[in-house]
Amino acid sequence: MAVLEVQHLKKVYTTRFGGNRVQALSDVSFTVEKGEYVAIMGESGSGKTTLLNILASLDRPTEGKVLLEGRDMAGIRERDMAAFRRDNLGFVFQDFNLLDTFSVRDNIFLPLVLAGTPHKEMELRLEPLAAKLGISEILDKFPYEISGGQKQRTAAARAMITRPQILLADEPTGALDSRAADGLLKIFNRVNDEGQTILMVTHSVKAASHAGRVLFIKDGEVFHQLYRGRKTNEELYQNIADTLTVISTGGERK
Ligand code: ADP
Ligand code: MG
């Protein structure tokens, strides 16, 4: 079943005085099935953040539709949007976005606190999740006391504790050293193996080579897709690198 259906998305930004129009997305369509792990790549300015913001319902498209589990996001009222986002989507950002005055535990609990979840239920959900993400030992620490890799695993726990339909990640390894990045990618693979659907925007060929499918955005459209099939990470890595070369040298779609 499709968790996410993106249909002919177009986004035109108009400057304040209406003089300048920037077409960030021209016609983007794709579908994500339940349990998929999809990476989105594209050069800077190709519209990746615009796309993610629309999927996160932080911005509205100029044209086109986004369906989450068959439900048209355009039909959700503004005042219901925050709850919809909290209940259905999990976010991981490049710069963690943790609250420095909250412990690791309270950062992870935050979306459940906002949803009014009973404390007992929060603890029940936290324990296995923290163990899986290797952060059980640091729950009482504060963000400034832990490493970048631990911060991002905390952010991932916060994104997943609501059991979202989709985990959306924008450059999640962008601020991590290679060892911490590898740790996070392993965790993404593990939670995906357990059924979590993931959509990740990344510049990193390495990160994308962990996904089951890679979408390439160019000139506001999906230019190409690679499926893992039976490929190893190394083989997929090579295919991704080759595709990026074609894109950056202005080649034609295959
Ligand atoms: P990417 O994340 O792939 O680097 P973006 O989605 O940030 O690309 O941007 C796509 C295009 O839209 C760029 O040309 C960018 O300058 C433009 N753009 C992004 N956000 C805005 C905005 N709020 N107002 C005007 N133009 C924007
Ligand atoms: Mg961006």
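**Exercise 1.** Find the residue that follows α1 and give the sign of its phi.

*Solution.* Start at the end of α1 (helices are DSSP runs of H or I, at least four residues; strands are runs of E, at least two; both are numbered from the N terminus). The residue to look at is Ser57, and its phi is positive, near 55°. Bear in mind that this is a predicted model, where local features need pLDDT of at least 70, side-chain atom pairs count only at pLDDT 80 or more, and totals for chains, interfaces and linings use all residues. Residues are numbered from 1 along each chain as its sequence is written, chains are lettered from A and ligands numbered from 1 in the order written, and side-chain values use heavy atoms, without hydrogens and water.

**Exercise 2.** Work out why α1 counts as largely enclosed.

*Solution.* First, list its buried residues (under 20% relative accessible area, 1.4 Å probe, protein chains only): Lys48, Thr50, Leu51, Leu52, Ile54 and Leu55. Next, set them against the whole helix: six of the eight residues of α1 are buried, so the rest of the structure largely encloses it.

**Exercise 3.** Which element gives the largest share of the shell around ligand 1?

*Solution.* Take the residues near the ligand (a heavy atom within 4 Å); among them are Tyr13, Val22, Lys48 and Thr50. α1 supplies the largest share, three residues.

**Exercise 4.** Track down polar contacts (N or O pairs within 3.5 Å) to ligand 1 from Thr50 and Gly45.

*Solution.* Begin with Thr50: a polar side-chain atom sits 2.5 Å from a ligand oxygen. Then go to Gly45, where a polar backbone atom is 2.6 Å from an oxygen of ligand 1.

Key. Polar contact = N/O pair within 3.5 Å; in protein donor to acceptor, adjacent residues only side chain to side chain. Buried < 20%, exposed > 50% of the residue type's maximum accessible area, 1.4 Å probe, protein only.
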